[in-house]
Amino acid sequence: MARPQILWFRQDLRLADQPALAGAQDAGPIIPTYILDDASPGLRPMGAASRWWLHRSLERLDAALAARGARLLLRRGRSADVLCQLMEETGAEAIHATRHAEPWWGPIEARLGNRLRLHGATRMLRPGQVRTGSGTPYRVFTPFWRASLAHLPPPTPAPAPARLAGAAPPAGDRLTDWGLLPQNPDWARGFAEWQPGEAGAEAALRAFLSRVEAYAARRDLPSEPGTSRLSPHLHFGEISPAAVWHAVEAVAGPQAAQPFTRQLVWREFAHELLAQYPDGHERPHRPEFERMPWTDTEQGEGRRWLRAWQKGRTGYPIVDAGMRQLWQTGWMHNRVRMIVASFLTKHLRIDWRTGERWFWETLVDADLANNAMGWQWVLGSGVDSQPYYRIFAPVAQSEKFDALGYIRRFAPEYAGHGPVNPIVEHGAARAAALAAWQALRAPGQRG
Ligand SMILES: Cc1cc2nc3c(=O)[nH]c(=O)nc-3n(C[C@H](O)[C@H](O)[C@H](O)COP(=O)(O)OP(=O)(O)OC[C@H]3O[C@@H](n4cnc5c(N)ncnc54)[C@H](O)[C@@H]3O)c2cc1C
């Protein structure tokens, strides 16, 4: 009789188009396992909003597995230790998993050696598949996108299996004992608009398909439901990017789908950058930004500014609406992410890493690769980013992208786009940011 196979779930919490599941199932009865790992060396524990999402997603995954004849085993600890022990306990033959991009998995996977079978990836393109003519990685998005098209569309996604052969699972933890949900206070009440899990991802995709043709026209308008809101589902792997790609192309056709499928390739690009810069959430790609004289946020004015930004009390309606959307719902519109990140790093000259960490803690889609790239892009410290001197003017952005509906929803005390008792004045803050940047540039360097 075939020996049991451990199916190690990470950020691939789905049954459809799940290469690790397919590989494990072909080899023998499966023991689907999720490990809450806060302790492996170098691993960055999930933030609070992601933990909320994870709890709900694991509930749904277990229910979907149970409906097909298997159960989800939960264990907590260092992934490599837990998996080695589990192999001993169960006599399992192998561990099956999907390839992931976060740099901390490498040493863990190395410890598992040939017991680990890696299948497919959490992305559409294989790591390193798209290279320049001279074999080096791309550092600029547009040529990466063009070169990617030679390898896309991705293969047609596989459906979820109707039945699964589950091996008798050993004893595991209870999800409720992991304390992933907030208790007192329950700050996640506003997260009720989300439906984590694979069925929720499919529902979000279906809803988006009815508006996909308007994506290009509406994606930058925060008052409109213009974007897909698939980011937490994609981050947790509740739906494969290939499934999203094919569904969107089937409705809109390859050409009209491009403004959207291009965004899916930004995600691929972020993963490639993460491979080149594994510490991209801590170190600027452009080293001169290490010398930026950041505002001290431990005391005085800097401390007050940071609190005002985090709580959405800067006096700028679009910034405050964005920060409150983030706090209330665990998500923020992409255009507004750019505006608030620019405001923090340029108007307030607060270290981008402080903002990156706040997003990591509060976003339900917090993603090492996308978040680091987003912050570096806005600051201007990334290999492919806007120039530092592009400083988003919050009022002009709010007007241009017609944000009044959005402001009314999340910061209703404001009547218009203009600031009310702002913590900093735009013109002066902009000038100070540009002066700091000029001082940082090496003599003779051209902007
Ligand atoms: C400062 C900053 C921080 C960010 N942090 C994150 C993060 O932690 N996690 C995250 O998933 N995205 C992050 N983004 C990228 C982007 O804002 C979100 O992916 C997007 O807002 C998600 O909404 P959506 O699913 O409706 O996107 P859609 O416009 O519907 O796009 C579809 C999918 O494409 C991918 N995508 C879209 N834009 C980008 C992008 N610029 N970079 C990489 N992938 C993209 C996402 O997976 C997204 O779900 C960040 C952007 C900025 C400027």
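## Two nonpolar cores

The largest nonpolar core here has 104 residues, and Trp8, Val244, Val248, Trp309, Val319 and Phe359 are those with the most contacts inside it. (A nonpolar core is a set of buried Ala, Val, Leu, Ile, Met, Phe, Trp, Tyr and Cys residues joined through side-chain atoms within 4.5 Å; buried means under 20% relative accessible area, with a 1.4 Å probe and protein chains only.) Helix α10, residues 254-276, gives the most to this core, with 8 residues. Apart from this core lies another one of 30 residues, including Leu7, Phe9, Leu13 and Leu15.

Take Val244 as one example: leaving out residues up to four places away in sequence, Val244 touches Leu205, Leu230, Leu234, Ile239, Phe260 and Leu264. Contact here means heavy atoms within 4.5 Å.

## Ground rules

This is a predicted model: local features need pLDDT of at least 70 and side-chain atom pairs count only at pLDDT 80 or more, while totals for chains, interfaces and linings use all residues. Residues are numbered from 1 along each chain as its sequence is written, and side-chain values use heavy atoms, with hydrogens and water left out.

## Strand β1 and its partners

Strand β1 (residues 5-9) is mostly covered, with 5 of its 5 residues buried. Helices (H or I, at least four residues) and strands (E, at least two) are DSSP runs, numbered from the N terminus. In a regular strand, side chains alternate between the two faces of the sheet. In β1, Gln5, Leu7 and Phe9 point one way, Ile6 and Trp8 the other.

β1 pairs in the parallel sense with β2 (residues 30-36) over 5 bridges, and Phe9 has Tyr34 as its bridge partner there. β1 also runs parallel to β4 (residues 94-99), with 3 bridges, and Gln5 stands opposite Ala94. Pairing takes at least two DSSP bridges between two strands.

## The ligand

Which residues are closest to the ligand? They are Tyr215, Thr227, Ser228, Arg229 and Asn334, out of 28 that surround it (a heavy atom within 4 Å).

A ligand oxygen atom is 2.6 Å from an N or O atom in the Thr227 side chain. One ligand nitrogen atom is 2.8 Å from a polar backbone atom of Asp365, and a ligand nitrogen is 3.0 Å from an N or O atom in the side chain of Asn371. The protein covers 95% of the 820 Å² of accessible area that the ligand has on its own (Shrake-Rupley method, 1.4 Å probe).

## Ala436 in helix α18

Ala436 lies in α18, residues 426-440, and counts as buried because its relative accessibility is 11%. Leaving aside neighbours within four places in sequence, Ala436 is in contact with Met292 and Arg349.

Technical notes:
Buried means under 20% relative accessible area, exposed over 50%, partly exposed in between (1.4 Å probe, protein chains only). A polar contact is a pair of N or O atoms within 3.5 Å; within protein, one must be able to donate a hydrogen and the other to accept it, and residues adjacent in sequence count only if both atoms are side-chain atoms.
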